[in-house]
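Thanks for making the time this morning. I would like to walk through one model with you, going from single residues out to the whole chain, and I will give the cut-offs as each term comes up.

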Amino acid sequence: MNATVNALANTSEDMTANLQKEINLLKVDLEQKDLLVQQLSEELFRLVKGNTAFLPNAEVHEHHSEEMRCLAEKLAMVENQLILSQALIQDRDREALELRHTIQEMSDRNRMLEQVVQELPNIYRAKFAERIVPIKQKIEALQKENRQLHIELQSLSFRLSGRTRRPAAQQRLELPRVIPALG
């Protein structure tokens, strides 16, 4: 975007420089025409005074008037071009300002998003820690219940082993039955 802004600025500077050169040329032409007007006015003054020897030539006077009209038209065209160029420059300056504002907004948003991304691991850790608490509590409860059941099982096993013990004379050893293979 900076390249676009720079290109617009360079283009507007080139246009301004060209217009300035043309204005300078027209100023020189205008100075020459002013000199001619001054000479014509001097001749007219002499004519009014009654000195007929300095009467201007009608052709020269007409030529000078035509040149003055042409210069006035050129000056009006250059003034119009200058006004249009100034309007274009103002539009481009406004566009450049809007682009700078947009760049600033995007930079701010980018910084905010980077900060959010940096904070995400901490947020996930906190959420995980919140969710794991009930699971840990359930595991602890199950482990406690498991230990209690294990203790009860050992107690029952011990009691059962005491009841099932018989004196050595009464105990009989039972062998498993063997089933003959059919063959």
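Lys27 has its place in helix α1, where helices (H or I, at least four residues) and strands (E, at least two) are DSSP runs numbered from the N terminus. At 47% relative accessibility, Lys27 counts as partly exposed; on the scale used here, buried means under 20% relative accessible area, exposed means over 50%, and partly exposed lies in between, with a 1.4 Å probe and protein chains only. The C-alpha atoms of Lys27 and Leu71 are separated by 9.8 Å, although these positions lie 44 residues apart in the sense that they are that far apart along the chain.

Before going further, a word on what we are looking at. This is a predicted model, in which local features need pLDDT of at least 70 and side-chain atom pairs count only at pLDDT 80 or more, while totals for chains, interfaces and linings use all residues. Residues are numbered from 1 along each chain as its sequence is written, and side-chain values use heavy atoms, with hydrogens and water left out.

Staying with helix α1, which covers residues 2-48, we come to Glu22. Glu22 is partly exposed, with a relative accessible area of 34%. The C-alpha atoms of Glu22 and Leu75 are separated by 9.6 Å, and the two residues are 53 apart along the chain. If we set aside residues up to four places away in sequence, Glu22 touches Val78 and Gln81, a contact being heavy atoms within 4.5 Å.

Now let me cross to helix α2, which runs over residues 58-164 and holds His64. Is His64 buried or exposed? His64 is buried, because its relative accessible area is 14%. Not counting residues up to four places away in sequence, His64 touches Leu36 and Leu40.

Ser85 is also placed in helix α2, and with a relative accessible area of 7% Ser85 is buried. Leaving aside neighbours within four places in sequence, Ser85 is in contact with Met15 and Leu19.

Next, the charged pairs. How many salt bridges does a search of the whole structure find? The search finds four, a salt bridge being a side-chain nitrogen of Lys or Arg within 4 Å of a carboxyl oxygen of Asp or Glu. I will take you through some of them.

One is formed by the side chains of Glu66 and Arg69, at 2.7 Å from N to O. Glu66 and Arg69 are three residues apart in helix α2, so about one helical turn separates them. Glu66 is partly exposed at 39% relative accessibility, and Arg69 is partly exposed with a relative accessible area of 46%.

Another joins the side chains of Arg94 and Asp91, at 3.0 Å from N to O. Here too the partners, Arg94 and Asp91, are three residues apart in helix α2 and therefore separated by about one helical turn. Arg94 is partly exposed, with a relative accessible area of 46%, and Asp91 counts as partly exposed at 38% relative accessibility.

A further salt bridge links the side chains of Asp108 and Arg111, at 2.3 Å from N to O. Asp108 and Arg111 are three residues apart in helix α2, which means that about one helical turn lies between them. Asp108 is partly exposed with a relative accessible area of 36%, and Arg111 is partly exposed with a relative accessible area of 47%.

Let me turn to the nonpolar side of the surface. Which residues form a nonpolar patch there? They are Met112, Leu113, Val116, Val117, Leu120, Ile123 and Tyr124, with about 640 Å² of accessible area together. Patches are made of residues with over 30% relative accessible area and no salt bridge, like charges being joined within 9 Å and nonpolar side chains (Val, Leu, Ile, Met, Phe, Trp, Tyr) within 5 Å. Of the residues in this patch, Leu120 is found in helix α2.

Finally, the chain as a whole. The protein chain has two helices and zero strands, and of its 183 residues, 7% count as buried. Among contacts between residues at least 6 apart in sequence, 80% join residues at least 24 apart. The chain exposes about 16400 Å², of which carbon and sulfur atoms supply 58%; accessible areas come from the Shrake-Rupley method with a 1.4 Å probe, and for residues only the protein chains shown count as cover.
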